Amino acid sequence: VVDAHRTKKQLYADEESVSHATLQPMYGAWLPALGMLDAYDVFISYRQCTNSQFAFKLHNHLEGQSLVAFLDANNLETGLNFKRSFMMAISKSSVACPLVSAGAIERMLGFEHDDYC
């Protein structure tokens, strides 16, 4: 159901097609928010190659606690300016939660004061 919701593809139940519009009223409380919202409680920032599984688990946990969490895979719409949409989401969030791997911290320890992250 969640995959059909994200991709907006048809879902079939007992060989009967179930439209995206039908899913929202039936499963809305359990489906992630899609597209940009007016406000977020938490903005989850992560590096896709190392932290994506944890980011999705954290997102689901936060949403289960009735918090509205921004996760780019759910909320950024295809075709929009990524950087602008990303910055808008941060500005609409009460809290930014960066997920940083142990490897990234080790690399940062080697930086000098005037190095770029």
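Let's start at I44. Setting aside neighbours within four places in sequence, I44 is in contact with A55, L58, H59, L62, A69, F70, L71, C97 and L99. Keep that residue in view. One caution before I go on: this is a predicted model.

Now the core around that position. I44 is one of 9 residues in the largest nonpolar core. The other members are V42, Y46, A55, L58, L62, A69, L71 and L99. Which elements give two or more residues to this core? Strand 3, residues 40–45, and helix 3, residues 48–64. Helix 3 gives the most, with 3 residues. As a general point, nonpolar side chains in soluble globular proteins tend to be buried together.

There is another core, apart from the largest one. It has 5 residues, including Y40, F43, F70 and A89. Note F70. That residue belongs to this other core, yet F70 is also on the contact list of I44.

Stay with Y40 for a moment. Y40 sits in strand 3. Is Y40 buried or exposed? Buried: its relative accessible area is 2%, and the cut-off for buried is under 20%. Y40 also has a partner from far along the chain. K92 is 52 residues away in sequence, but the C-alpha atoms of Y40 and K92 are 5.9 Å apart.

Let's step back to the whole chain. We have 6 helices and 5 strands. What pattern do they follow along the sequence? Read in order, α-β-β-α-β-α-β-α-α-β-α. Now the contacts. Take those between residues at least 6 apart in sequence: 66% of them join residues at least 24 apart.

On burial, the chain has 117 residues, and 25% of them count as buried. The accessible surface comes to about 8,500 Å². Carbon and sulfur atoms account for 55% of that surface.

Last stop, the outside. V100, I105, M108, L109 and F111 make a nonpolar surface patch. Its area is about 470 Å². Look at F111 in particular. Where is F111 in the chain? In the segment after helix 6, and that helix spans 102–109. F111 counts as partly exposed because its relative accessibility is 34%, between the 20% and 50% cut-offs.

So, to recap. Strand 3 and helix 3 each give two or more residues to the largest core. Y40, in strand 3, belongs to the other core. And F111 is part of the nonpolar patch on the surface. Over to you for discussion.

Terms used. Residues are numbered from 1 along each chain as its sequence is written. This is a predicted model: local features need pLDDT of at least 70, side-chain atom pairs count only at pLDDT 80 or more; totals for chains, interfaces and linings use all residues. Side-chain values use heavy atoms; hydrogens and water are left out. A nonpolar core is a set of buried Ala, Val, Leu, Ile, Met, Phe, Trp, Tyr and Cys residues joined through side-chain atoms within 4.5 Å. Buried means under 20% relative accessible area, exposed over 50%, partly exposed in between (1.4 Å probe, protein chains only). Helices (H or I, at least four residues) and strands (E, at least two) are DSSP runs, numbered from the N terminus. Contact means heavy atoms within 4.5 Å. Accessible areas come from the Shrake-Rupley method with a 1.4 Å probe; for residues, only the protein chains shown count as cover. Patches are made of residues with over 30% relative accessible area and no salt bridge: like charges are joined within 9 Å, nonpolar side chains (Val, Leu, Ile, Met, Phe, Trp, Tyr) within 5 Å. A salt bridge is a side-chain nitrogen of Lys or Arg within 4 Å of a carboxyl oxygen of Asp or Glu.
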